[in-house]
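Work through the exercises below with the sequence and the model at hand. Each task is followed by a solution in steps.

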Amino acid sequence: MRLTARLSAWTIGFAVVAVLGGALDVPAASAAKYKPVWLCLPGLPDNPCVTSLQTGIFSPAGTLQSTVTPQANANAPVDCFYLYPTVSGETSLLSNLTIQPAETGVAFLQASYYQSVCRMYAPMYRQVTLVGAPDPLLPGPGLLKPAQRAEQYDSVLDAWKYYLAHYNHGRPFVLIGHSQGAFVLRKLIAQQIDPNATLRSRMLSAILFGGSVVVKTGSLVGGSFKNIPGCTSTTELGCVVSWSSYPGPPPPRAVFGDTIWSPTDVLRAVPPGDAILCTNPAALGGGAGTLEPVFPVSFPAGNGVWLPSVEVPGKAGATAWFESDDSYSAQCMQSNGNNFLEVTPLNGAMPFMSTGTLSPLWGLHPLDANLALGNIVSLIASETTAYLAESASK
C-alpha cells in the first residue's frame, strides 16, 4: 500500500476523540524510584521523533516511482509508547538516563516515521548496555545481579505510570518496542496491562519485533499473556504483533524463533507445549503478504539494506526516506522447531542480508523495525479508525 493510501484512514472526524476518555484507570500511586527523562515527547525541543517524512517510492529495480510526504499529525488521537533496542555503549552494565547520540539516533531510525498516526512518548531507561548484555551463545546468567535486572524494568515502569498519570488522559495507545525494548515491554504488558481490563480496552496493539512472545502451541494466546492474543486482522484491537525475521530457515542455535532470551537472561529452550508467536505484519490473517519496508536514507551502512543509487545523503534528489514497493514478501514459517518470519525478495529486488558478528544466528534482527514499517503505520491507522468508530457507537 502506498503512503498516500495509508493517510485516507484519517477521514473520520477528530470530534470523536471527546468520547475516548471515560474513567481513567491509573495504577495506585507509589513512590517512584526514577523521574522520567523523555527521549521523545510531544512539544519537546530537539525531538528525534520529529523529522521530515519525505519518502521516495522505488521499484524492485531501484527506479524512483514517486515522492510522497505524509503529514505529521500533532493532534493524532492515539499515543505511541516506544522503547528502543540495545544501543548504549556506556562502559557500565546499565546505562544512565542521560540522552546520548545512540538513543537519539535509534529513535529517529525506528520511531520518527510514526508521526502521521500517533503522538510519540519514548522514555529513557536503565537499559542493559552492550557491555552488560550476556552472550546468548554462552552458558550462565551473565554479569547482571538481580537488583540490576530490577533497575532496568523499574525505570520503564516508573515512566509508564508517569505517562498514564500525566499525559494519557484516557486516550488509546500503541506500545512499540524492538529487541531489548520489546523484552521489557513484554514484561510491562504482562504485569500492568494484561490483567487490567480497562487498560486492555484502550490498547490498540503491542508491536514487539524481535521480542520472542510466547504462546501455547497451536494458539494465539497463553504463555507471555493470558488475555492478549496475536493479531489476526488490521481492525482487531487489544492484540499483539510480534516477529523475528530471517532471509531463510534459521541455522542451528539461532537466537530467535525457538528460544527465549533477553539481555538480562540466559538463552533457553521454549518449554514443551509453548511456541514463539509469529504474526506476519504483511498478512495478519495468515499466508504470505507484501512487505512495505521503509528506511531512512541515513540507515547505517553495512547492515544488510540495499540503498537505491540516487538515495545518497546530501545528493541532489535524495529523499529523507525510501520505500521499496512490491519488492519483498513475508510469511510466517516453521523449520526445525523455529517460528520465524521469512523475508523473500520479489521481482528481482536485492535481498536483505544477515550481517554482523553473530550473523546468521540473529537473522535480520537489526532490520526488524523497518522491514514492515509501512505495514505497521497502516495497521495503526486502521486500528484507530476501528477504535474511533467503536467508541462513537457507544
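**Exercise 1. A strand pair and its turn**

Find the residue of S3 that is the bridge partner of Ile57, and describe the hairpin around this pair.

Solution. The model is a predicted one.
- Step 1: the bridge partner of Ile57 in S3 is Ser66.
- Step 2: strand S2 covers residues 55–58 and strand S3 residues 64–68; the two pair in the antiparallel sense, over 4 bridges.
- Step 3: the hairpin of S2 and S3 has 5 residues between the strands, and Gly62 takes a positive phi near 90° there.

**Exercise 2. The open sheet**

Give the order of the strands in the open sheet of 4 strands, and state which strands stand at its edges.

Solution.
- Step 1: the order is S10-S18-S17-S14, and the pairing is mixed.
- Step 2: strand S10 (245–246) and strand S14 (289–290) each have a single partner strand, so they stand at the edges and one side of each has no neighbour in the sheet.
- Step 3: strands of a sheet pair through backbone hydrogen bonds, in either the parallel or the antiparallel sense.
- Step 4: S10 and S18 pair in the parallel sense over 2 bridges, and Tyr246 has Glu342 of S18 as its bridge partner.
- Step 5: S17 (residues 328–335) and S18 (residues 338–345) pair in the antiparallel sense over 8 bridges. The bridge partner of Met333 in S18 is Phe340, and that of Ser335 is Asn338.
- Step 6: S18 is mostly covered, with 6 of its 8 residues buried.

**Exercise 3. Two asparagines with positive phi**

Locate Asn336 and Asn347, then decide whether each is buried or exposed.

Solution.
- Step 1: Asn336 lies in the loop between S17 and S18. These strands form a hairpin with 2 residues between them, and Asn336 is in the turn.
- Step 2: the phi of Asn336 is near 55°, a positive value in a residue other than glycine.
- Step 3: exposed means over 50% relative accessible area. Asn336 has 71% relative accessibility, so Asn336 counts as exposed.
- Step 4: Asn347 is placed in the loop between S18 and helix H6 (368–371). Its phi is near 55°, again a positive value in a residue other than glycine.
- Step 5: Asn347 has 60% relative accessibility and therefore counts as exposed.

**Exercise 4. Asp258 and its surroundings**

State where Asp258 is found and which residues Asp258 is in contact with, leaving aside its neighbours within four places in sequence.

Solution.
- Step 1: Asp258 is in the loop between S10 and strand S11 (259–262).
- Step 2: the relative accessible area of Asp258 is 26%, so Asp258 is partly exposed.
- Step 3: leaving aside neighbours within four places in sequence, Asp258 is in contact with Ala269, Val270, Ile276, Asn336, Gly337 and Asn338. One of these, Asn336, is in the turn of the S17 and S18 hairpin.
- Step 4: Asp258 and Asp274 are 16 residues apart in sequence, and their C-alpha atoms are 9.5 Å apart in space.

**Exercise 5. Two buried residues**

Explain why Ser88 and Tyr387 count as buried, and place each in the chain.

Solution.
- Step 1: buried means under 20% relative accessible area.
- Step 2: Ser88 is at 1% relative accessibility and therefore counts as buried. Ser88 lies in the loop between strand S4 (79–83) and H2.
- Step 3: not counting residues up to four places away in sequence, Ser88 touches Ser95, Glu103, Gln127, Thr129 and Leu130.
- Step 4: Tyr387 has a relative accessible area of 7%, so Tyr387 is buried. Its place is in helix H7 (residues 373–393).
- Step 5: Tyr387 and Pro172 are 215 residues apart along the chain, with 8.2 Å between their C-alpha atoms.

**Exercise 6. The largest pocket**

Give the volume of the largest pocket and describe its lining.

Solution.
- Step 1: the volume is about 760 Å³.
- Step 2: 30 residues line the largest pocket, and the closest to its centre are Thr86, Leu130, Trp362, His365 and Pro366.
- Step 3: the lining divides into 16 nonpolar, 13 polar and 1 charged residues.
- Step 4: helix H2 (residues 101–111) gives the most to this lining, with 5 residues.

Conventions:
Residues are numbered from 1 along each chain as its sequence is written. This is a predicted model: local features need pLDDT of at least 70, side-chain atom pairs count only at pLDDT 80 or more; totals for chains, interfaces and linings use all residues. Side-chain values use heavy atoms; hydrogens and water are left out. Two strands pair if DSSP finds at least two bridges between them. On a 1 Å grid over the protein atoms alone, a cavity is a set of points where a 1.4 Å probe fits but cannot get out, and a pocket is an open set with protein on both sides within 12 Å along at least five of seven lines; lining residues have an atom within 4 Å of a point. Grid points are joined across faces, edges and corners, and a volume is the space filled by probe spheres set on the points. Ala, Val, Leu, Ile, Met, Phe, Trp, Tyr, Cys and Pro count as nonpolar, Asp, Glu, Lys and Arg as charged, and the others, Gly among them, as polar. Buried means under 20% relative accessible area, exposed over 50%, partly exposed in between (1.4 Å probe, protein chains only). Contact means heavy atoms within 4.5 Å.
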